[in-house]
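Thanks, everyone. Please look at the model on the screen while I go through the cysteines, the salt bridges, one glycine and the sheet.

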Amino acid sequence: MTSLEINDNADDKNASCLISRRQFLFNSSTAAVASCVPLVIYNQSGEAQSLTAKMVKYPNRQLSKLSELKVNEPININYPDNGNNTAAILVKLGVPAGGGVGPDEDIVAFSYYCSHQGGPLQGTYKAVDEHRVLGPCPFHLSLFDLTRHGILIAGQAYQSLPQIVLEVQNDKVIATGVMGLLFGRTNNLIATARG
């Protein structure tokens, strides 16, 4: 019997799988390498597909005037309504951003509630060099990059911050919807305060 053969005789009291430590390690490393091969998903024509983020549409609401926004001076807003967990930041970043609007594509708005456990992020906006971040969250130190759709860059959160979709019409900065689920809501519908 070779080192890779298995003794199938059930009556044999010494029946065992005979494999050497060296062969086990070799086979294990081969399996580990094979399982780490990256997969790329293509559509039927063989091209990579891009995904579109889901947006919850709300009635348009003017948040500010374009002419009143100053670089790195955030404005506190409430959107999509005045219900629970609607506090948000509207800021002109001074650098282009994902989802940014305006002539410089640098005006963005995000929920002020951490996507992990709803920690308040008011007053945590920082602009250092080319970086524009919100956080750290006081609960678990999550930090979000506002130039890249509010993506998590450190901490415990597992989702990006909900981003408020903006448009500019003449001198008006208008909110039209939300990408992502607002913390504490089950479906982004209007929430009422419980009394």
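Let me start with Cys114, whose sulfur has its closest cysteine sulfur in Cys137, at 4.0 Å, which is too far for a bond. A disulfide here is a pair of cysteine sulfur atoms within 2.5 Å. Seen from the other side, the sulfur of Cys137 has Cys114 as its closest cysteine partner, again at 4.0 Å and too far for a bond. The search of the whole structure finds zero disulfides.

Are these two cysteines buried or exposed? Cys114 is buried, at a relative accessible area of 1%, and Cys137 is buried too, at 2%. By buried I mean under 20% relative accessible area, by exposed over 50%, and by partly exposed anything in between, with a 1.4 Å probe and protein chains only.

Some words on how to read all this. This is a predicted model, in which local features need pLDDT of at least 70 and side-chain atom pairs count only at pLDDT 80 or more, while totals for chains, interfaces and linings use all residues. Residues are numbered from 1 along each chain as its sequence is written, and side-chain values use heavy atoms, with hydrogens and water left out.

Now the chain as a whole. The chain has one helix and ten strands. Helices (H or I, at least four residues) and strands (E, at least two) are DSSP runs, numbered from the N terminus. Starting at the N terminus, the order is α-β-β-β-β-β-β-β-β-β-β. Of the 195 residues in the chain, 34% are buried. The accessible surface comes to about 12500 Å², and carbon and sulfur atoms hold 54% of that. Those areas come from the Shrake-Rupley method with a 1.4 Å probe; for residues, only the protein chains shown count as cover. Among contacts in the chain with a separation of 6 or more, 42% are between residues 24 or more positions apart. A contact means heavy atoms within 4.5 Å.

Next, charges. Side chains of opposite charge can pair when their charged atoms come close. How many salt bridges does the structure hold? There are three, a salt bridge being a side-chain nitrogen of Lys or Arg within 4 Å of a carboxyl oxygen of Asp or Glu.

Take Lys92 and Asp104, whose side chains form a salt bridge at 3.4 Å, N to O. Lys92 sits in strand E3 (residues 87-92) and Asp104 in the loop between E3 and strand E4 (107-111), so this pair ties together parts twelve residues apart in sequence. Lys92 also forms a salt bridge with Asp106, with 3.0 Å between the closest N and O atoms. That pair links strand E3, which holds Lys92, to the loop between E3 and E4, which holds Asp106, 14 residues away. Together, Lys92, Asp104 and Asp106 are linked in a network of salt bridges.

As for cover in this network, Lys92 is buried at 13% relative accessible area. Asp106 is buried at 1%, while Asp104 is partly exposed at 46%.

The remaining pair to mention is Asp145 with Arg148, where the closest N and O atoms are 2.9 Å apart. Asp145 is buried, with 10% relative accessibility, whereas Arg148 is partly exposed, with 47%.

That brings me to Gly150, in the loop between strand E7 (143-145) and strand E8 (151-154). Gly150 is buried, with a relative accessible area of 0%. What does Gly150 contact, leaving aside neighbours within four places in sequence? The residues are Phe110, Phe144, Asp145, Ser160 and Leu161. The C-alpha atoms of Gly150 and Val108 are separated by 9.6 Å, with their positions 42 residues apart along the chain.

Last, the sheet. Four strands form an open, antiparallel sheet in the order E5-E6-E7-E8. Its edge strands are E5 (125-128) and E8, each pairing on one side only. Two strands pair if DSSP finds at least two bridges between them. From one strand to the next, the twist averages 35 degrees; the axes are lines fitted to C-alpha atoms, for helices over the stretch in contact, and angles run from 0 to 180 degrees between N-to-C directions. Within this sheet, strand E6 (residues 131-134) and E7 run antiparallel and are joined by two bridges. Leu134 stands opposite Phe144 in E7, and Phe144 is one of the contacts of Gly150.
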